[in-house]
Amino acid sequence: MRDHTAAASGDAVIRARGLSKVFGRQGRRALELRRSGRSKAEVEKQTGSTIGVFEASFEVCRGEIFVIIGLSGSGKSTLLRLINRLIEPTEGEVYVEGEPISRMPAGRVREIRRKKMGMVFQHFGLLPNRSVLENITFGLEIQGVCAQERLRRGEEALEMVGLEGQGAKRIGELSGGMKQRVGLARALATGQEILLMDEPFSALDPLIRRDMQNLFLDIQGEIRRTVVFVTHDLDEALRLGHRVAIMRDGEIVQVGNPEEILTSPADEYVERFIEDVDYAKVRSAEAVMVDPKEVAYEAEGPRVVLRRMKRAGMSSIFVVDAERRPVGLCEAEEVARLLESGERSLSGAIDRSVPSVRPDTPLREVLPLFVERKLPVAVVGERGRLEGIVVRGALIAGLTTGAENRDDEAEPQRADGALRERE
Ligand SMILES: Nc1ncnc2c1ncn2[C@@H]1O[C@H](COP(=O)(O)OP(=O)(O)OP(=O)(O)O)[C@@H](O)[C@H]1O
């Protein structure tokens, strides 16, 4: 059995162990045959039963966006529905915050769905005759939250999705993109810790879809829900996912963060899957690099550097020499430690192993530099001077839909100013 729990770190909110689902009468036999090496298609032929999910083991950590991706019929939706037991497993367990949901009485499962685990579908299931606000607070009504509190939380959620003041509108008056915002607001207002999202943005046209992804990342950056997100779109998976699980014929074949999947695909299937990531769209480091907000000079002392970092809200800073050639990187914590110990020089806090690339270095070669470390990479130009930095979020965006991304930046109104990339 493949176990994909090893890569997860932190507090596991959802834990799946050996989770299988067979549709049809011969569940156990189908699983036995599959275990003995028959393919999903062979098992189906022999038993008339379909393996939806086969022996999935994984963990989802608190605050993580865990994306499930795979071709049509690979088992994504089934896996998602096994998590909140909309589908009963044939075998295996799902634990939600340590509780085995697969063994709970139905009443407790319903309570968990209401209070802890929301689900967001492609068609958000809005009620057309109710107002925007009524739709948003519908979940709270079911939870038995009082009217005043519903209003407060509803207004708060409206503001989060950029629809403040529009609560009284009817759903029928809204455009497709706005409806999706309302759907998102509803999921947020209920305050459930876990969100299960099944292709929520798939029906949107590409530009609105991108806006929604940005908005979602922005909101998630603030509220840090635990999200399991199903998509069949690789760009979306790489952009949104802290980790991505790739499914084939009901099995999870790889779980990893986007750079791991792009640089070390587990097998030929994953390799084929990621072939479409268009490395040619944005070719080089130059295209995705940004100006470092601030730099520190090697000769400066910890006090001055720390103050600068705090002012700019930076957790690490590039250190350069008098000619502006990169020397390394300092973490705020390290600088603070030096300051406390009375050190006058920054030297002891500088990590000198930070890689640098040229502006024309292909992104394909920049990507592996992020696999071991998540720190930004220096881009050096003429005479070795620091010209810019590449941060991980911009790199992934550049690899996927980079060209489009840059257009967006030229027209911020189209993205509603919600263009921050996840780092
Ligand atoms: N209710 C059902 N009865 C019988 N077979 C089913 C049922 N639901 C799903 N399956 C089968 O289980 C497998 C996994 O289906 P699932 O819908 O989970 O895949 P998916 O990856 O979500 O596909 P899509 O992207 O098309 O939604 C498929 O072979 C599908 O035909």
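**Exercise 1. Strand pairing at β13**

Task: In this predicted model, find how β13 and strand β14 pair, and over how many bridges.

Solution.
- Step 1. Locate strand β14 at residues 350-351.
- Step 2. Check the direction: β13 and β14 pair in the antiparallel sense.
- Step 3. Count the bridges between β13 and β14: there are two.
- Step 4. Pick out a facing pair. Leu 329 stands opposite Asp 351 in β14.

**Exercise 2. The hairpin of β12 and β13**

Task: Describe how strand β12 joins strand β13, and state which residue of the hairpin takes a positive phi.

Solution.
- Step 1. Mark β12 at residues 316-320 and β13 at residues 326-331.
- Step 2. These two strands run antiparallel and are joined by five bridges.
- Step 3. Find a facing pair: Ser 316 is opposite Glu 331 in β13.
- Step 4. Turn to the link. Five residues lie between the strands of this hairpin. Arg 324 has the positive phi, near 65°.

**Exercise 3. Helices α1 and α2**

Task: Classify the packing of α1 against α2 and list the residues that meet.

Solution.
- Step 1. Take α1 as residues 27-35 and α2 as residues 40-47.
- Step 2. Read the geometry. The angle is about 140°, and the axes are 9 Å apart.
- Step 3. Classify: α1 is therefore oblique to α2.
- Step 4. Add the handedness. α1 passes α2 in a right-handed crossing.
- Step 5. List the contact. From α1 come Arg 29, Ala 30, Leu 33 and Arg 34; from α2 come Lys 40, Val 43, Gln 46 and Thr 47.
- Step 6. Sort these residues by class: three nonpolar, two polar and three charged.

**Exercise 4. Helices α7 and α8**

Task: Do the same analysis for α7 and α8.

Solution.
- Step 1. α7 covers residues 176-189, and α8 covers residues 206-223.
- Step 2. Their axes lie 11 Å apart at an angle of about 20°.
- Step 3. So α7 is roughly parallel to α8.
- Step 4. The crossing of α7 and α8 is right-handed.
- Step 5. The contact includes Gln 180, Leu 184 and Leu 188 of α7, and Met 212, Phe 216 and Ile 219 of α8.
- Step 6. By class, the contact of α7 with α8 has seven nonpolar, three polar and one charged residues.

**Exercise 5. The ligand shell**

Task: Work out which element gives the largest share of the shell around the ligand.

Solution.
- Step 1. Gather the surrounding residues, among them Phe 23, Thr 50, Gly 75, Lys 76 and His 232.
- Step 2. Keep the elements that give two or more residues: β2 (50-61) and α3 (76-83).
- Step 3. Choose the top contributor. α3 gives the largest share, three residues.
- Step 4. Sort the shell by class: one nonpolar, ten polar and one charged.

Key
Residues are numbered from 1 along each chain as its sequence is written. This is a predicted model: local features need pLDDT of at least 70, side-chain atom pairs count only at pLDDT 80 or more; totals for chains, interfaces and linings use all residues. Two strands pair if DSSP finds at least two bridges between them. Helices (H or I, at least four residues) and strands (E, at least two) are DSSP runs, numbered from the N terminus. Axes are lines fitted to C-alpha atoms, for helices over the stretch in contact, and angles run from 0 to 180 degrees between N-to-C directions. Angles under 35 degrees count as roughly parallel, over 145 as roughly antiparallel, 65 to 115 as roughly perpendicular and the rest as oblique. A crossing is left-handed if the near helix is turned anticlockwise from the far one by less than a right angle, and right-handed if clockwise. Two residues are in contact if their C-beta atoms, placed from the backbone, lie within 7 Å. Ala, Val, Leu, Ile, Met, Phe, Trp, Tyr, Cys and Pro count as nonpolar, Asp, Glu, Lys and Arg as charged, and the others, Gly among them, as polar. A residue is near a molecule or strand if its C-beta atom, placed from the backbone, lies within 6 Å of it.
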